[in-house]
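Me: Hi! I'm new to this one and would love a quick tour. Could you walk me through it?

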Amino acid sequence: MSRVVRFCRKCGNSIVPGARFCNRCGTPVDPQNTLATHKNAISESVSQIEESVEEKEIPPEEFKQIVTTYNVWKIEEKLRPLNLKLEELSAKKEVGELSDEEYNSESAGLKEEKELLEKELSEKMDVKPLNIYFLIFQEQEAVERLSKLESIFQDNKTSQTTYSKLKREYSEKLQAVRNELDSERYKLSRWKKILDKGLSNIKMTLEESLVRYELGEVSEDEYLPKKTDLEEKRKDMENSLTLINFLLS
């Protein structure tokens with residue numbers, strides 16, 4: 001019969017048979033320490049390894065993606081009400097509530113603003129936004145499609161066979177998207193920790209730089225460029241945190 005190997009519940013070290021204390025960390029050995037303790041030790045060891053290899057900073061290209069996604073998000077927030085207003089004006093024109101002249105007058109400024117925003121959006125898209133930004137919309141689309149399919153089936157507009165086939169297909173796609181979302185959200189949660197720490201460091205550096213400048217340790221020519229650079233980084237980090245908190249909510 002194979003011997004059961006026991007492990008320290010604190011550090012994961014294997015326990016010498018008959019020992020009362022771990023020979024690595026000195027933790028008292030639990031007499032009931034069996035496979036369950038082994039699993040706990042492995043889990044804790046994995047956590048320790050993950051912490052030890054945790055990123056110290058976000059890779060530059062991925063940080064650019066976060067900043068780009070924030071900019072795209074904010075521009076699209078401005079575009080959404082403009083598009084709705086233009087659709088409303090167009091509908092009023094179609095039913096005769098607005099003449100062509102009234103429509104052109106009321107829509108001219110909105111169209112000009114929309115054109116400027118779309119140009120700005122195009123310029124911001126030089127770096128691809130985060131994948132999660134698209135996945136969220138794909139999830140919403142899949143949920144809406146399943147809901148609409150249910151309505152079609154309830155209204156007897158499709159057979160049980162077609163309904164079951166499409167429901168299975170759309171459900172599988174939805175699950176695949178949600179699996180990707182889980183992975184992306186895990187990555188974002190790690191980035192959030194990095195940004196929180198980085199933002200705190202930048203604020204401290206700004207404060208320290210100001211004090212050194214006021215004490216005369218550094219000149220204005222040295223202080224001002226550094227201050228500008230740090231403030232730009234702080235703004236990007238704050239915007240990135242705003243976006244990540246939104247995506248994780």
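Reply: Happy to; we can begin with the overall fold and then turn to some aromatic rings. Keep in mind that this is a predicted model.

Me: Great. How many helices and strands does the chain have?

Reply: It has six helices and zero strands. Along the sequence the pattern reads α-α-α-α-α-α.

Me: And how much of the chain is buried?

Reply: Of the 249 residues, 27% are buried. The accessible surface is about 17200 Å², and carbon and sulfur atoms contribute 50% of that.

Me: On to the rings, then. How many aromatic pairs are there?

Reply: The structure has six aromatic pairs. One of them joins tyrosine 70 and tryptophan 73 edge-to-face, with 5.9 Å between centres and 75° between planes. Both residues belong to helix α2 (residues 60-94), three residues apart, or about one turn of the helix.

Me: Are those two buried or exposed?

Reply: Tyrosine 70 and tryptophan 73 are both buried.

Me: Why is the pair of tryptophan 73 and phenylalanine 246 called stacked?

Reply: Because their planes are at 20°, and under 30 degrees counts as stacked. Their centres are 4.7 Å apart. Phenylalanine 246 lies in helix α6 (residues 220-248) and tryptophan 73 in helix α2, so this pair ties together parts 173 residues apart in sequence.

Me: Is phenylalanine 246 buried or exposed?

Reply: Phenylalanine 246 is partly exposed, at 42% relative accessibility, while tryptophan 73 is buried at 8%. Tyr70, Trp73 and Phe246 form one aromatic cluster.

Me: Last thing: which charged end sits over the ring of tryptophan 73?

Reply: That's lysine 74, whose charged end is 4.4 Å from the ring centre. Elsewhere, arginine 145 has its charged end over the ring of tyrosine 170, 5.6 Å from the centre.

Note on methods: Residues numbered from 1 in each chain as written. Predicted model: local features only at pLDDT ≥ 70, side-chain atom pairs only at ≥ 80, totals over all residues. Heavy atoms only, no water. Helix = DSSP H or I, 4+ residues; strand = E, 2+ residues; numbered from the N terminus. Buried < 20%, exposed > 50% of the residue type's maximum accessible area, 1.4 Å probe, protein only. Areas by Shrake-Rupley, 256 points an atom, 1.4 Å probe, with all protein chains shown as cover. Phe/Tyr/Trp six-rings, centres within 6.5 Å; stacked < 30°, edge-to-face > 60°. Lys NZ or Arg CZ within 6 Å of the ring centre and 35° of its normal.
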